[in-house]
Amino acid sequence: MASEFCLSLTKYFLFVFNLVFFFLGSALLSLGLWIMFSETSVLIPAPRFISLSLFSYLLIISGVVTISLGFFGSLGALKEVKCMLAIYFILLTVLLVAQTMGGVLLITQKSVFEKSLESHVQKLIQDFGKNDSNLRDFERTLLVLQREAKCCGWSGPLDWKPDAHCSCYSPNNVTANITDHNDHSDIHTCNITTWDKHKKGCKEYVEEWLSAHILIILMVVFVLAVVEISGSILSMCLYRQASVDYTLTMYR
């Protein structure tokens with residue numbers, strides 16, 4: 001009797017938990033698609049350090065992954081379908097392994113990662129303005145970062161040759177003339193003779209931001225890991241008790 005109660009509790013807890021994830025994923029996917037096809041929406045506050053179009057892609061990817069987990073987890077738990085529970089377990093395991101490997105590689109290969117990132121940003125600056133559609137979202141993100149973080153280039157203003165982009169300048173008074181200060185616009189006109197150039201490279205700003213927020217990042221990663229491990233354990237417990245006959249399970 002007690003084992004049946006525990007099994008039912010596990011079943012419905014896993015169902016409700018993943019149903020919430022399913023609706024959350026649907027909201028993320030819908031929001032991402034809405035932003036992608038309507039970048040001029042005034043109802044959505046623009047993120048500070050990333051272009052709106054790149055932000056929409058991240059929302060869509062997160063939404064698809066969350067919907068997949070929620071679908072297989074909730075339906076597999078409710079109907080006790082072994083194949084769905086197995087797929088749910090595999091997805092969670094893959095995510096957990098990927099996060100672990102990414103963290104280990106980031107720690108052990110930190111210098112390689114920094115050099116690779118610096119190389120990509122330097123190339124992005126060198127190829128800036130060549131109308132490469134594949135780089136447009138990253139170019140916008142770089143400009144937004146320079147403008148909002150008040151930095152210039154990756155190592156410093158000398159990364160921009162011969163002249164720094166206008167996002168490397170800030171008005172030295174509130175009445176300075178500016179044609180367009182939209183974070184996600186390609187047109188940004190400034191008067192470099194009266195505006196102040198940012199002296200700090202964006203690499204320094206990124207390092208300072210990571211140092212200031214490392215505790216929050218580690219807490220988020222830890223919570224995600226706990227959720228994924230708990231979901232894996234519960235799904236396997238339910239998997240072992242689920243009916244072997246797929247047809248009987250679906251229509252019971």
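**Exercise 1. Place a tryptophan.** With a relative accessible area of 7%, is Trp 160 buried or exposed?

*Solution.* Start with the cut-offs: buried means under 20% relative accessible area, exposed over 50%, and partly exposed in between (1.4 Å probe, protein chains only). Trp 160 has 7%, so this residue is buried.

Some ground rules before going on. This is a predicted model, so local features need pLDDT of at least 70 and side-chain atom pairs count only at pLDDT 80 or more, while totals for chains, interfaces and linings use all residues. Residues are numbered from 1 along each chain as its sequence is written, and side-chain values use heavy atoms, with hydrogens and water left out.

**Exercise 2. Sort the aromatic contacts.** How many aromatic pairs does the structure hold, and how are the rings of Phe 22 and Phe 23 arranged?

*Solution.*
- Step 1: The total is five aromatic pairs. Rings of Phe, Tyr and Trp (its six-membered ring) pair if their centres lie within 6.5 Å; planes under 30 degrees apart count as stacked, over 60 as edge-to-face and the rest as tilted.
- Step 2: Phe 22 and Phe 23 pair edge-to-face, with centres 5.9 Å apart and 75 degrees between the planes.
- Step 3: Phe 22 is partly exposed at 25% relative accessibility, whereas Phe 23, at 53%, is exposed.
- Step 4: Our tryptophan returns here: Phe 128 and Trp 160 also form an edge-to-face pair, at 5.3 Å centre to centre and 80 degrees between the planes.
- Step 5: This pair links distant parts of the chain, 32 residues apart: Phe 128 is in the loop between α4 (110-126) and α5 (136-149), and Trp 160 is in the loop between α5 and β1 (169-171). Helices (H or I, at least four residues) and strands (E, at least two) are DSSP runs, numbered from the N terminus.
- Step 6: Phe 128, at 25% relative accessibility, is partly exposed.
- Step 7: Look also for the one aromatic cluster formed by Phe 13, Phe 17 and Phe 21. An α-helix has 3.6 residues a turn, so residues three or four places apart point the same way.

**Exercise 3. Find the salt bridges.** How many salt bridges does a search of the whole structure find?

*Solution.*
- Step 1: The criterion is a side-chain nitrogen of Lys or Arg within 4 Å of a carboxyl oxygen of Asp or Glu. The search finds three.
- Step 2: Lys 11 bridges to Glu 80, with their closest N and O atoms 3.4 Å apart. Lys 11 lies in helix α1 (residues 2-37) and Glu 80 in the loop between α2 (52-79) and α3 (82-108), so the pair ties together parts that are 69 residues apart in sequence. Both Lys 11 and Glu 80 are buried.
- Step 3: Lys 123 and Asp 127 meet at 2.7 Å, N to O. Asp 127 has 16% relative accessibility, so it counts as buried.
- Step 4: Lys 200 and Glu 208 meet at 3.5 Å, N to O. Lys 200 is partly exposed at 24%, and so is Glu 208 at 41%.

**Exercise 4. Check the backbone.** What is phi near in Glu 80 and in Lys 150?

*Solution.*
- Step 1: In Glu 80, phi is near 55 degrees, a positive value in a residue other than glycine. Its relative accessibility is 9%.
- Step 2: In Lys 150, phi is also positive, near 55 degrees. Lys 150 sits in the loop between α5 and β1 and is partly exposed at 49%.

**Exercise 5. Follow two helices.** How far apart are the end C-alpha atoms of α3 and of α6, and where is the kink in α6 centred?

*Solution.*
- Step 1: The expected span is 1.5 Å times one less than the number of residues. For the 27 residues of α3 it is 39 Å, and the ends are 38 Å apart, which agrees.
- Step 2: The buried residues of α3 are Met 84, Leu 85, Tyr 88 and Leu 92.
- Step 3: Helix α6 (residues 202-241) has 40 residues and should span 58 Å; its ends are 54 Å apart, which agrees.
- Step 4: The kink in α6 is about 60 degrees and centred on His 213. A bend is the angle between axes fitted to the seven residues ending at a residue and the seven starting there.
- Step 5: Buried residues of α6 include Cys 202, Tyr 205, Ala 225 and Glu 228. Val 221, also in α6, is partly exposed at 42%.
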